[in-house]
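Open your viewer, switch on a cartoon view and keep the sequence panel beside it. We will go from one selection to the next, with a short note on what is there.

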Amino acid sequence: MLPLQVDATGGGPLAIVVTFLLVAAFYAVTLHLAATFFIGDVQSQRAAYVAPAPALASLLLQQWGLRGFGPLSPSLAAGVSILAILAADAIAISYVYRLKWSSAIPLTLLHFGFAAILGVALNNIFGLL
């Protein structure tokens, strides 16, 4: 029988799937806000199509920023991870929104700003991190 709840210190496949879905939903909301601000009236489904790319990249690369990677210090590895996540986000935004790079890169940076501000605000409210 599968447990319906996962211990906060536990883990397992259910915790990974739920974490991925929550991160993807967070990225979808912040991207839709950024795209509405940058482009104007856009469909919210496009943000939902883009969101899995940065969510997957951030979940796969999160350990680099915590422990470092090879000769890289943790802070340098975190910077490399952030650049990789931004690259995945920019590629997905360019493809889904059908934007040229000259428009996709500012939208990606705006998305990063919205996600950072909302992430800090939610962390201050809920104190999860």
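Let us start with a term: a residue is called buried under 20% relative accessible area, exposed over 50%, and partly exposed in between (1.4 Å probe, protein chains only). What you have open is a predicted model, in which local features need pLDDT of at least 70, side-chain atom pairs count only at pLDDT 80 or more, and totals for chains, interfaces and linings use all residues. Residues are numbered from 1 along each chain as its sequence is written, and side-chain values use heavy atoms, leaving out hydrogens and water.

**The whole chain**

Select the protein chain: there are five helices and zero strands. Helices (H or I, at least four residues) and strands (E, at least two) are DSSP runs, numbered from the N terminus. Along the sequence, the chain reads α-α-α-α-α. Of its 129 residues, 26% are buried.

**Stop 1: helix α1**

Select residues 13-38, which make up helix α1. How far apart should the ends of α1 be at 1.5 Å a residue? The expected span of a helix is 1.5 Å times one less than its number of residues. For the 26 residues of α1 that gives 38 Å, and the end C-alpha atoms are 37 Å apart, which agrees.

Now colour Ala24, Tyr27, Ala28, Thr30, Leu31, Ala34 and Ala35, which are buried in α1. Ile16, in the same helix, counts as exposed because its relative accessibility is 57%. Draw a distance from the C-alpha of Ile16 to that of Leu59: the two are 43 residues apart along the chain, and the separation is 9.1 Å. After α1, stop at Gly40, where phi is positive, near 120°.

**Stop 2: the aromatic pairs**

Show the aromatic side chains. Rings of Phe, Tyr and Trp (its six-membered ring) pair if their centres lie within 6.5 Å; planes under 30 degrees apart count as stacked, over 60 as edge-to-face and the rest as tilted. How many aromatic pairs does a search of the whole structure find? The search returns two. In one of them, Phe26 and Tyr27 are tilted, with 6.0 Å from centre to centre and 55° between the planes. Phe26 is partly exposed at 24% relative accessibility, whereas Tyr27 is buried at 16%.

Phe37 and Phe114 also form a tilted pair, at 6.2 Å centre to centre with 45° between the planes. Phe37 lies in helix α1 and Phe114 in helix α5, so this pair ties together parts that are 77 residues apart in sequence. Phe37 is exposed at 64% relative accessibility, while Phe114 is partly exposed at 27%.

**Stop 3: a serine in α3**

Move to helix α3, residues 52-67, and pick Ser58. Is Ser58 buried or exposed? With a relative accessible area of 12%, Ser58 is buried. A polar atom of the Ser58 side chain lies 2.9 Å from the backbone oxygen of Ala55.

**Stop 4: helix α4 and the loop after it**

Select α4, residues 74-96. At 1.5 Å a residue, its 23 residues should span 33 Å, and the end C-alpha atoms are 33 Å apart, which agrees. The buried residues of α4 include Ala77, Ser81, Ile85, Leu86 and Asp89; further along, Ala90, Ala92, Ile93, Ser94 and Val96 are buried too.

Just after α4 comes Arg98, in the loop between α4 and α5. Arg98 has a positive phi of about 55° although it is not a glycine. Its relative accessibility is 65%, so Arg98 counts as exposed.

**Stop 5: helix α5**

Select residues 101-126, helix α5. Thr108 lies in this helix and is buried, with a relative accessible area of 3%. Its side chain reaches the backbone oxygen of Ala104 at 2.7 Å.

Finally, switch on the surface and select Ile91, Trp101, Ile105 and Leu109, which make a nonpolar patch of about 420 Å². Patches are made of residues with over 30% relative accessible area and no salt bridge, with like charges joined within 9 Å and nonpolar side chains (Val, Leu, Ile, Met, Phe, Trp, Tyr) within 5 Å. A salt bridge is a side-chain nitrogen of Lys or Arg within 4 Å of a carboxyl oxygen of Asp or Glu. Accessible areas come from the Shrake-Rupley method with a 1.4 Å probe; for residues, only the protein chains shown count as cover. Which helix gives the most to the nonpolar patch? Helix α5 does, with three residues. Trp101, found in α5, is partly exposed, with a relative accessible area of 47%.

Key: A polar contact is a pair of N or O atoms within 3.5 Å; within protein, one must be able to donate a hydrogen and the other to accept it, and residues adjacent in sequence count only if both atoms are side-chain atoms.
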